[in-house]
Amino acid sequence: MARQIKKRCKCGCTARITKSIEVMNGFSQHYIKCTNPHCERIWVESSEFSHEVRKSKLDKESGLTDFVKSLPLEMIKSLRLACDMELAK
Ligand SMILES: [Zn+2]
């Protein structure tokens, strides 16, 4: 299970993200509310995509599909033949 990012209010209590809005591609604003019923402070924090540490495995698969789509039809046919031969082993 994914670990939830813990936020803390200036009153010292924990706070939670109640709403996230993607303002622009990769730039989001998070509405954060203090869980202390005597405080109930709400504030907004921004986060911005910086860089990837590891590529998504899904990107790898779609990258392969895009690569195959970019090939000429004859090359796709011979690639399919090669794949069939490899799978038949
Ligand atoms: Zn608070």
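**Group meeting: a walk through a four-stranded sheet**

Hi everyone, let's start with one pair of strands: β3, which covers residues 27-34, runs antiparallel to β4, and seven bridges join the two. One thing to keep in mind throughout is that this is a predicted model.

You can follow that pairing residue by residue. Which residue of β4 does F27 stand opposite? The answer is E48. Further along, H30 stands opposite E45, again in β4.

Now let's turn to the other neighbour of β3. That is β2, residues 14-24, and here the antiparallel pairing is made over eight bridges. One of the contacts to look for is E22, whose bridge partner in β3 is S28. How many residues lie between β2 and β3 in their hairpin? There are two, and G26 in the turn has a positive phi of about 90°.

Let's step back to the whole sheet. It is open, has four strands with antiparallel pairing, and its order is β1-β2-β3-β4. Why do β1 and β4 each have one side without a neighbour in the sheet? Both stand at the edges, β1 at residues 7-8 and β4 at residues 42-48, and each has a single partner strand, so one side stays free of a neighbouring strand.

My last stop is the loop between β3 and β4, where you will find E40. Its phi is also positive, near 55°, and this is a residue other than glycine. Is E40 buried or exposed? E40 counts as exposed, because it has 12 C-beta neighbours inside 10 Å, and the cut-off for exposed is 12 or fewer.

Thanks for listening!

Methods:
Residues are numbered from 1 along each chain as its sequence is written. This is a predicted model: local features need pLDDT of at least 70, side-chain atom pairs count only at pLDDT 80 or more; totals for chains, interfaces and linings use all residues. Two strands pair if DSSP finds at least two bridges between them. A residue is buried if 20 or more other C-beta atoms lie within 10 Å of its own, exposed if 12 or fewer, and partly exposed in between; C-beta atoms are placed from the backbone.
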